[in-house]
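Got your viewer open and a selection box ready? Load the model shown here and follow along, one selection at a time.

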Amino acid sequence: MRVTATQEAVRFIQARGGRLWVWPRHRVRPGLVPLDTATEPPPGDMEFLPVVDVRGFELLFDGRGWGEPEFLELDLRGWRRRRVGAFWNGLAYVQ
């Protein structure tokens, strides 16, 4: 998996401990599974694996049976509640 991240996202992640967890959320509707991110370990029994090609922070990924994307894009989202947005092969959802 190739990972790209904006400088704003990298600084945000680094300021919160330097780790980012990424996983597919539950299915919203058929064919639409958005990605969730967190800078703290999420609760539950997910099996996160480290992604080695990320510079500036540690990325932990759980594909939940979806495998992994060819590339993952990260950027900073939100005005009031800042958070990292993750995009699976350029899309806001798993396809």
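**Start at the helix**

Select α1 and look at the face turned away from its buried side: there you'll find the exposed residues Q7 and A15. Keep in mind that this is a predicted model.

Now spin round to the other side. Which residues of α1 are buried? Pick A9, V10, F12 and I13. Look down the axis of α1 and these buried residues fall within an arc of 165°, so they line one face of the helix. That fits the usual geometry: an α-helix has 3.6 residues a turn, so residues three or four places apart point the same way.

Next, show what sits over that face. The cover on the buried residues of α1 includes β1 (2–5), β2, β6 and β7. Before leaving, click G17, just after α1, which has a positive phi of about 110°.

**Into the core**

Select L20, F57, L59, L72 and L74: these have the most contacts inside the largest nonpolar core, a set of 20 residues. At least two core residues come from each of α1 (7–15), β2 (19–24), β3 (33–38), β5 (58–61), β6 (71–77) and β7 (83–88). For a second, separate core, one of six residues, try W23, A38, M46 and L60, which are among its members.

Back to L74: leaving out residues up to four places away in sequence, its contacts include A9, L20, F57 and V84.

**Last stop: a loop**

Jump to T39, in the loop between β3 and β4 (49–51). Buried or exposed? T39 counts as buried, because its relative accessibility is 18%, and the cut-off is under 20%. Show its surroundings: beyond four places in sequence, T39 touches F12, R16, R19, L20 and W21.

How values were computed:
Residues numbered from 1 in each chain as written. Predicted model: local features only at pLDDT ≥ 70, side-chain atom pairs only at ≥ 80, totals over all residues. Heavy atoms only, no water. Core = buried A, V, L, I, M, F, W, Y, C linked by side-chain atoms within 4.5 Å. Buried < 20%, exposed > 50% of the residue type's maximum accessible area, 1.4 Å probe, protein only. Helix = DSSP H or I, 4+ residues; strand = E, 2+ residues; numbered from the N terminus. Contact = heavy atoms within 4.5 Å. Arc of directions from axis to C-beta.
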